[in-house]
Amino acid sequence: MTAKKATPKTPAKKSNLNAALAKPPKSIAKPKDTFNPKRDLAPERVAEILKRLAATYPNAECALHHRNAWELLVATILSAQCTDVRVNMVTPELFRQFPTPKAMTEASQPVLEELIRSTGFYRNKAKSILGAAKKITNDFDGKVPRTLAELTTVPGAARKTANVVLGVAYGLAEGIVVDTHVLRISRRLHLTKATEPKNVEQDLVKIIPQDHWIAYSHEIIHHGRQICIARKPKCADCTLETVCTSGDKTWSSGKTWPEQ
Ligand code: SF4
């Protein structure tokens, strides 16, 4: 008697299991991730988002420790691909040894590299900091400039860094800081469809009143770190949930603003 061929049950079972896991549980109604400019960019909706952000993060501010514009510029350069906590561990000793741009011009590249090594990419960062110190000492009388046009001529101060320094150190809103959180969440909230930071900023400055440009970035960065995290946003804990129509939502109350 010929032995009956074994049926390959396991792979079929596995694929059923995978399919079941891929489906969201019934309690989660994922909204369609469609961008509707008339609805999404309506001034009342934008105002509601800003109102909720301000109420949720009333004390949102830059987490990088600094005492002046120069220290903030250096800390922001160091924060690329590094946590603010790590930067804050490094800067006290750095500024103890080299407190001003002029003092920093006298630092040697190897000494500087050693002081900032733990922040990663330390060779490039040291080069930028030394370049910034020289430029500010030679061309701006030792003072960090107060305009975007001037500040972006300083080594290491691209548009995002310049916006951070102008907004936080001088309270000047010349633009909106677009980091990874601001880019991701502004897209999730359908405030932009752009993918490049510069284009995202251009979209945001058109719809966000200038007096909220500085706060918006701080609030969104806090929101991105605590709630609207990249992989698994905590939508059940989010104060923007009823106004958010993102397809990335992990939970929905089923309510939508303004009809609640
Ligand atoms: S509801 Fe979810 S996806 Fe939308 S902003 Fe809040 S955490 Fe982010």
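I began with the angle classes: under 35 degrees counts as roughly parallel, over 145 as roughly antiparallel, 65 to 115 as roughly perpendicular, and the rest as oblique. The model I am reading is a predicted one.

**Entry: α4 against α5**

I took helix α4, residues 69–78, and helix α5, residues 84–97, and looked up how they pack: the angle is about 135 degrees and the axes are 10 Å apart. That pair is therefore oblique. I noted the handedness of the α4 and α5 crossing as right-handed. On the α4 side I listed Trp70, Glu71, Val74, Ala75 and Leu78, which meet Val87, Val90, Thr91, Leu94 and Phe95 of α5. By class, I have eight nonpolar residues, one polar and one charged in the contact of α4 with α5.

**Entry: α4 against α8**

I moved on to α8, which spans 122–139. Its axis and that of α4 come within 10 Å, and the two cross at roughly 155 degrees. I therefore recorded α4 and α8 as roughly antiparallel to each other. The crossing of α4 past α8 is right-handed. From α4, Trp70, Leu73, Val74, Ile77 and Leu78 take part, and they meet Lys125, Ser128, Ile129, Ala132, Ala133 and Ile136 of α8. The class split for α4 with α8 is nine nonpolar, one polar and one charged.

**Entry: α4 against α10**

I then looked up helix α10, residues 159–170, which packs on α4 at about 145 degrees with the axes 9 Å apart. I found this crossing, of α4 and α10, to be right-handed. Ala69, Leu72, Leu73 and Thr76 are the α4 residues in the contact, and Thr161, Val164, Val165, Val168, Ala169 and Tyr170 are those of α10. I read eight nonpolar residues, two polar and no charged ones in the contact of α4 with α10.

**Entry: burial of α4**

How many of the ten residues of α4 are buried? I got ten of the ten, so α4 is largely enclosed by the rest of the structure. The buried residues of α4 include Glu71 and Thr76 along with Trp70, Leu72 and Ile77. For the cover over α4, I listed α5, α6 (101–105), α7 (109–116), α8 and α10 among the contributors. As a reminder to myself, an α-helix has 3.6 residues a turn, so residues three or four places apart point the same way.

**Entry: the chain overall**

I stepped back to the protein chain and counted 13 helices and zero strands. Of its 260 residues, 43% count as buried. Among contacts with a separation of 6 or more, I noted that 58% come from residues 24 or more positions apart.

**Entry: cysteines**

I searched for disulfides and the structure holds zero. I still looked up two cysteines. Cys228 has a relative accessible area of 11% and is buried. Cys235 has 9% relative accessibility and also counts as buried, the cut-off being under 20%.

**Entry: backbone exceptions**

Most residues other than glycine have a negative phi, and most peptide bonds are trans. I looked for departures from this.

- Gln81 is not a glycine, yet its phi is positive, near 55 degrees. I placed Gln81 in the loop between α4 and α5, and at 69% relative accessibility it counts as exposed.
- Phe121 has a positive phi near 45 degrees. I placed Phe121 in the loop between α7 and α8, and its relative accessible area of 54% makes it exposed.
- The peptide bond from Trp257 to Pro258 is cis, and I read its omega as near 5 degrees. Pro258 sits in the segment after α13.

**Entry: two C-alpha separations**

I looked up Gln210, found in the loop between α12 (197–207) and α13. Is Gln210 buried, partly exposed or exposed? Its relative accessibility is 47%, so Gln210 counts as partly exposed. Gln210 and Ala173 are 37 residues apart along the chain, and I have their C-alpha atoms separated by 6.8 Å.

I also looked up Asp237, in the segment after α13, which covers 213–226. Asp237 has a relative accessible area of 54% and is exposed. Its C-alpha atom is separated by 9.8 Å from that of Gln226, and the two residues are eleven apart along the chain.

Note on methods: Residues numbered from 1 in each chain as written. Predicted model: local features only at pLDDT ≥ 70, side-chain atom pairs only at ≥ 80, totals over all residues. Heavy atoms only, no water. Axes fitted to C-alpha atoms, helices over the stretch in contact; angles between N-to-C directions. Helix = DSSP H or I, 4+ residues; strand = E, 2+ residues; numbered from the N terminus. Left-handed = near helix turned anticlockwise from the far one by under 90°. Contact = heavy atoms within 4.5 Å. Nonpolar A, V, L, I, M, F, W, Y, C, P; charged D, E, K, R; others polar. Disulfide = S-S within 2.5 Å. Buried < 20%, exposed > 50% of the residue type's maximum accessible area, 1.4 Å probe, protein only.
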